[in-house]
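Please read the following account alongside the sequence and the coordinates. It goes from a single residue to the helices around it and then to the whole chain.

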Amino acid sequence: MIAVADKMRDTIAANIRRLRMALGLSQSALAERMGCTQARIAQLESGARSLPTDDLPGLAEALSTTPAALVTTSAKSEKKGRRALARS
């Protein structure tokens, strides 16, 4: 069973990547908007690093979204996950 923290980290990672790509931003461009390094963005997107809660508002602003949008699983992704669980 996946721990809640792992699931949240994976959700945030997927949302960062999805939103960044929807804006047509490279990891470097997003890093510049956030005032961090491209390596940090790569770590966040891969789930290798968790996003500190203090950084959530700044990241949301850099991605032109809300903090809630970063931590929420889309209905489409959630359905896919439930189907995968049902098959296992």
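Leu19 counts as buried because its relative accessibility is 14%, and buried here means under 20%. The model is a predicted one. Leu19 lies in helix 1. Once its neighbours within four places in sequence are left aside, Leu19 is in contact with Leu63, Thr65 and Leu70. Another residue distant in sequence is Ala60, 41 residues along the chain from Leu19, with the two C-alpha atoms separated by 9.6 Å.

The helix that holds Leu19 covers residues 4-22. Helix 1 has 19 residues and reaches 27 Å from its first C-alpha to its last, close to the 27 Å expected at 1.5 Å a residue. Which residues of helix 1 are buried? They are Thr11, Ile12, Ala13, Asn15, Ile16, Leu19 and Arg20. The cover over these buried residues includes helix 2 (27-34), helix 3 (38-46), helix 4 (56-62) and helix 5 (67-71). After helix 1 comes Gly24, which has a positive phi, near 75 degrees.

Helix 2 is the next element to consider. Its buried residues are Gln27, Leu30 and Ala31. Seen down the axis of helix 2, these residues fall within an arc of 100 degrees, so they line one face of the helix. The buried residues of helix 2 pack against helix 1, helix 3 and helix 4. Helix 2 is followed by Gly35, and the phi of Gly35 is positive, near 75 degrees.

How do helix 2 and helix 3 cross, and at roughly what angle? Their axes come within 8 Å and cross at roughly 105 degrees. Helix 2 is therefore roughly perpendicular to helix 3, since angles of 65 to 115 degrees are counted that way. On the helix 2 side of this meeting are Gln27, Ser28, Leu30, Ala31 and Met34. On the helix 3 side are Gln38, Arg40, Ile41, Ala42 and Glu45.

In helix 3 the buried residues are Arg40, Ile41, Leu44 and Glu45. Viewed down the axis of helix 3, they fall within an arc of 135 degrees, so they too line one face of their helix. Helix 1 and helix 2 are among the elements that cover them. Just after helix 3, Gly47 takes a positive phi of about 85 degrees.

Arg40 can be looked at separately. Arg40 is placed in helix 3. Is Arg40 buried or exposed? Arg40 is buried, because its relative accessible area is 12%, and the cut-off for buried is under 20%. With its neighbours within four places in sequence left aside, Arg40 is in contact with Met34, Arg49, Leu51, Pro52 and Asp55. Met34 is also one of the helix 2 residues at the meeting with helix 3.

The remaining values describe the chain as a whole. The chain has 6 helices and 0 strands, and from the N terminus on its elements run α-α-α-α-α-α. Of its 88 residues, 26% are buried. Among the contacts with a separation of 6 or more, 55% join residues 24 or more positions apart. The chain exposes about 5900 Å², and carbon and sulfur atoms supply 56% of that area.

Methods. Residues are numbered from 1 along each chain as its sequence is written. This is a predicted model: local features need pLDDT of at least 70, side-chain atom pairs count only at pLDDT 80 or more; totals for chains, interfaces and linings use all residues. Side-chain values use heavy atoms; hydrogens and water are left out. Helices (H or I, at least four residues) and strands (E, at least two) are DSSP runs, numbered from the N terminus. Buried means under 20% relative accessible area, exposed over 50%, partly exposed in between (1.4 Å probe, protein chains only). Contact means heavy atoms within 4.5 Å. Accessible areas come from the Shrake-Rupley method with a 1.4 Å probe; for residues, only the protein chains shown count as cover. The expected span of a helix is 1.5 Å times one less than its number of residues. The arc is that of the directions from the helix axis to the C-beta atoms. Axes are lines fitted to C-alpha atoms, for helices over the stretch in contact, and angles run from 0 to 180 degrees between N-to-C directions. Angles under 35 degrees count as roughly parallel, over 145 as roughly antiparallel, 65 to 115 as roughly perpendicular and the rest as oblique.
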